[in-house]
Amino acid sequence: LNAGPPAERLASLHPGQRLTLTKDAEGALQGLRFPFSPEQALRIEADGDGFQAAVVSRQSQRQLVKTEAEIERSLYRAAQRAGLNARLTMQLTRILGWEVDLGRDLRAGDSFTVIFERIETEDETVLGDIKAVRLDSDRAGTIEAVRYSHGDGQADYYTPQGESLRREFKRYPVNYRRVSSSFDRNRRHPILGVRRPHLGVDLAASRGTPVRAAGEGRVVERRYKGGYGRLVTLEHGSRYRTRYAHLARYARGLSPGDRVERGEVIGYVGSSGLSTGPHLHYEFLVNGRHRNPVTVELPKADPLPAQYRQAFRSHAEPLLSALEGNPDDGELRIALLEPEQ
């Protein structure tokens, strides 16, 4: 770690990464090699009484690979049959999760096609990012997305029209088992026995399940508030607010005025206040009016800037053609990966 700035990469290792150590005949450490990307590796070599570190290039060949599968039981199992590793499977669920409720909208018989990058180096095969994806679903329809990086260097997934798939908000801020009570302006309260509006959705989950901010915003409430119990309210710009109620406890250090990122933990599921069991009561407000969190149209991230649209179309057209099963038109060379039976 003291061999120079390049060696600082050793301070953030992850399970599954590989280090190669070299020793001399007496067993003294002579060097280390750590391939941290398909293109680059960290090389550390003995130099007198210390070590010298450098980043070196790796020889690699890139290939686009196409795979497809039909969903029988779950998207996860279908992705495994299609040959996707765990990282690509998570990437696939994130891409489709912007448009589809993966637990409720997908059905047996739905299918997907994925084009991803496979990188061959001198000592390993690495699966790169998903370049394009197509979902054909009876319930959700056809969804297509293409990965594209424009002027700021940040890659995102766009529809064929250049609209971002990414939403500013997560649809559900907690990993829940079921909707225990729906949005209903004339619901009979399960404890009070009177009819009063239920201006949110109750998401049943185990006590202590992390509750995450649905979008980037600012904490405007963090307090015990009557029937809500422990409540957190977030303000997302001038139009949107979200509320998270019946919490068991708040995230450590969370205070009014704090900025939070989308997906940041703000509390934990409980049953404080007027509650019959552990769940998250979640509200979504637009311009001060309550909307059904399950059906409200979530705002999308900014579309592709106009100056990049033509370049995007040139990039996307051959990928979309390959997704649709059209013959190779010579613009792309794509290998076909046969799914497991």
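Here a biologist and a modeller talk through a predicted model of one protein chain.

Biologist: Let's start with the whole thing. What makes up the chain in terms of helices and strands?
Modeller: There are three helices and 22 strands. The C-alpha atoms fill a box of roughly 80 × 60 × 45 Å along the principal axes. Of the 341 residues, 42% are buried.

Biologist: Why is A78 called buried?
Modeller: Buried means under 20% relative accessible area. A78 has 0%, so it counts as buried. You'll find A78 in helix α1, residues 75-81.

Biologist: And how far is A78 from T295 in space?
Modeller: Their C-alpha atoms are 27 Å apart, with the two positions 217 residues apart in sequence. For another such pair, take T22 and V220: 198 residues apart along the chain, and 56 Å from C-alpha to C-alpha.

Biologist: Is T22 buried, exposed or partly exposed, and how do you know?
Modeller: Partly exposed covers what lies between the 20% and 50% cut-offs. T22 has a relative accessible area of 41%, so partly exposed is the label. T22 lies in strand β1.

Biologist: What is unusual enough about H246 to get a mention of its phi?
Modeller: H246 has a positive phi of about 65 degrees, although it isn't a glycine. H246 is in strand β17, residues 240-250.

Biologist: Why does H246 count as buried?
Modeller: Its relative accessibility is 6%, and buried means under 20%, so H246 passes.

Biologist: Which loop holds N287, and what about its phi?
Modeller: N287 is in the loop between β20 (279-286) and β21 (289-291). Its phi is positive too, about 50 degrees, and N287 is not a glycine either.

Biologist: Now salt bridges. How many does a search of the whole structure find?
Modeller: It finds 15.

Biologist: What makes R147 and D129 a salt bridge?
Modeller: The cut-off is 4 Å between a side-chain nitrogen of Lys or Arg and a carboxyl oxygen of Asp or Glu. The closest N and O atoms of R147 and D129 are 3.3 Å apart, so the pair qualifies. This pair links distant parts of the chain: R147 sits in strand β8 (residues 141-149) and D129 in strand β7 (residues 125-137), 18 residues apart.

Biologist: Why is D129 called partly exposed?
Modeller: D129 has 24% relative accessibility, which is in between the 20% and 50% limits, so it's partly exposed.

Biologist: How do you know that R223 and E221 form a salt bridge?
Modeller: Same style of check: the closest N and O atoms are 3.0 Å apart, and that is within 4 Å, so it counts.

Biologist: Which of the two partners is buried, and why?
Modeller: E221 has a relative accessible area of 13%, under 20%, so E221 is buried. R223 has 39%, so it ends up partly exposed.

Biologist: What about E235 and R241?
Modeller: Their side chains meet in a salt bridge at 3.2 Å, N to O. E235 is partly exposed because its value is 22%, and R241 is partly exposed because its value is 32%. Elsewhere, salt bridges that share partners join R87, D129 and R147 into one network.

Biologist: Which residues gather in the patch of positive charge on the surface?
Modeller: R185, R239, R289 and R291. Arg counts as positive, so the charge label fits these residues.

Biologist: Why is R185 called exposed?
Modeller: Exposed means over 50%, and R185 has 51% relative accessibility, so it makes the cut. R185 is found in strand β11, residues 184-188.

Biologist: What makes the nonpolar surface patch?
Modeller: L13, L19, L21, L29 and F51 make it, with an area of about 420 Å². L13 lies in the segment before β1 (20-23). Patch residues need over 30% relative accessible area, and L13 has 38%, so it can belong while still counting as partly exposed.

Biologist: Last one. What does the UniProt annotation say about residues 197-293?
Modeller: The unreviewed entry labels them "domain: M23ase beta-sheet core". In this model, that span is 0% helix and 55% strand, and its end C-alpha atoms lie 14 Å apart.

Note on methods: Residues numbered from 1 in each chain as written. Predicted model: local features only at pLDDT ≥ 70, side-chain atom pairs only at ≥ 80, totals over all residues. Heavy atoms only, no water. Helix = DSSP H or I, 4+ residues; strand = E, 2+ residues; numbered from the N terminus. Buried < 20%, exposed > 50% of the residue type's maximum accessible area, 1.4 Å probe, protein only. Patch = residues over 30% accessible without salt bridge, like charges linked within 9 Å, V, L, I, M, F, W, Y side chains within 5 Å. Areas by Shrake-Rupley, 256 points an atom, 1.4 Å probe, with all protein chains shown as cover. Charge placed at Lys NZ, Arg CZ, Asp CG, Glu CD. UniProt positions renumbered as here; feature names shortened; annotations may be inferred.
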